[in-house]
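Let's explore this protein together, one question at a time. Keep the structure in view as you read.

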Amino acid sequence: MKLSIFQESRVGGRSYNQDRLAIAHTQEAVMLVMADGMGGHMRGEVAAQITVDLLCELFYQQAAPLLSHPNRFLVNAISSVHQVILEYATDHRLPDVPSTTVVVAILQRGYLYWCHVGDSRLYLLDGGGLRLRSRDHSQVQRLIDQGLLTEEAAKTHPERNKIYNCLGASGEPDIDIGERQDIGPGCSIMLCTDGLWSQVQDAELEKVFSGRSVNQVMPALINVAERRAGNGGDNLSAVAVTLLEDDLALGERDDILDTEKTPPQKADRLILESNLATMHQEILASQVGKDS
């Protein structure tokens, strides 16, 4: 599989970044992950870090080199992430459980499998324009679905940032499994947090992606979104790929991935524990600073 790739995360107008993202791959499968730690909950970045680390670890354990049941993998893996977040909060005696959104895409054998929890989004664009956009698990989306609110009015609605579904909540998350999609050369898949999609119209996406790959579009798109959000903007992050022709000759470029030639960067439990140990030390240090 040959892909044009893009991944970037920016702090925006916030004091720190709670977004986390990842690309993982074997010779025949690719996984994209986007998690947005919830700012209204203690240390949402902890939940987001657990999410991307553990999903990558489970992907490399089970994709050999394909996932035999991608949708089953998504449900089981995200359920495992939710439980690990709860256990982390208990083990470290946190007063509140960290929470996060997540959206995940699996690409293999000409198909896209995907799911999400919360309001981080997946977009699928092809030669015909915007084929698919995930539907947010948010209060304003419910109002839109009921015909009580327009997409335009939702942008300024006082409850636009409230979501009803996440990882790390007291109840089990509702894992929304999307319909499998045929994909091929020219298809672009973008996963992003609300800091990005809230600043960009669907029609704008269709226009800028027409005939272009993610490495041609995304740098300018994320710049525009950050400028529009201004000093009070949220973290904004995206991970995106465009499928390329299999016979396309590729040079040595950081923004191109050939899964058959690029060795996977495997994740394991040691990496996960190391990341979380470092993050826990940062939490303790910041708390000491507040108490002094």
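Q: Which residues in helix 2 does helix 1 meet?
A: This is a predicted model, and in it two helices share a contact. From helix 1, the residues taking part are Val46, Ala47, Ile50, Thr51, Leu54, Leu55, Leu58, Phe59 and Gln62. Their partners in helix 2 are Phe73, Ala77, Ile78, Ser80, Val81, Val84, Ile85 and Tyr88.

Q: How many nonpolar residues does the contact of helix 1 with helix 2 have?
A: Sort the residues of this contact by class, and you find no charged ones and three polar ones. The nonpolar residues number 14.

Q: What word describes how helix 1 and helix 2 lie to each other?
A: Helix 1 covers residues 44-62 and helix 2 covers residues 70-91, and their axes are 9 Å apart. The angle between them is about 140°. An angle over 145 degrees would count as roughly antiparallel, and 65 to 115 as roughly perpendicular. Helix 1 and helix 2 fit neither group, so the word for them is oblique.

Q: Where does Pro65 lie, and what is the form of the peptide bond from Ala64 to Pro65?
A: Look along the chain to the loop between helix 1 and helix 2, where Pro65 lies. Omega for the bond from Ala64 to Pro65 is near -10°. The form of this peptide bond is cis.

Q: Is His82 buried or exposed?
A: You can find His82 in helix 2. Leaving aside neighbours within four places in sequence, His82 is in contact with Leu167, Gly168, Ala169, Gly171, Glu172 and Pro173. A residue counts as buried under 20% relative accessible area. Because His82 has a value of 0%, His82 is buried.

Q: How many disulfides does the structure hold?
A: Let's look at two cysteines before counting. Cys56 has 10% relative accessibility, so it counts as buried. Cys166 is buried too, with a relative accessible area of 9%. As for disulfides, the number in the structure is zero.

Q: Is Arg93 buried or exposed?
A: Arg93 sits in the loop between helix 2 and strand 4. Its phi is near 50°, which is a positive value in a residue other than glycine. To count as exposed, a residue needs over 50% relative accessible area. Arg93 has 76%, so Arg93 is exposed.

Q: What is the relative accessible area of Arg109?
A: Arg109 is not a glycine, although it has a positive phi of about 50°. Its place is the loop between strand 4 and strand 5. Arg109 is exposed, and its relative accessible area is 64%.

Q: How many charged residues does the contact of helix 6 with helix 7 have?
A: Helix 6 (residues 202-209) and helix 7 (residues 214-229) pack at an angle of about 145°, with axes 10 Å apart. Glu204, Leu205, Val208 and Phe209 in helix 6 meet Val214, Val217, Met218, Leu221 and Arg228 in helix 7. By class, this contact has seven nonpolar residues and no polar ones, while the number of charged residues is two.

Q: What share of the residues in the protein chain is buried?
A: Now step back to the whole protein chain, which has eight helices and 12 strands. Among its contacts between residues at least 6 apart in sequence, 75% join residues at least 24 apart. The chain has 292 residues, and the buried share is 51%.

Notes: Residues are numbered from 1 along each chain as its sequence is written. This is a predicted model: local features need pLDDT of at least 70, side-chain atom pairs count only at pLDDT 80 or more; totals for chains, interfaces and linings use all residues. Side-chain values use heavy atoms; hydrogens and water are left out. Axes are lines fitted to C-alpha atoms, for helices over the stretch in contact, and angles run from 0 to 180 degrees between N-to-C directions. Helices (H or I, at least four residues) and strands (E, at least two) are DSSP runs, numbered from the N terminus. Angles under 35 degrees count as roughly parallel, over 145 as roughly antiparallel, 65 to 115 as roughly perpendicular and the rest as oblique. Contact means heavy atoms within 4.5 Å. Ala, Val, Leu, Ile, Met, Phe, Trp, Tyr, Cys and Pro count as nonpolar, Asp, Glu, Lys and Arg as charged, and the others, Gly among them, as polar. A disulfide is a pair of cysteine sulfur atoms within 2.5 Å. Buried means under 20% relative accessible area, exposed over 50%, partly exposed in between (1.4 Å probe, protein chains only).
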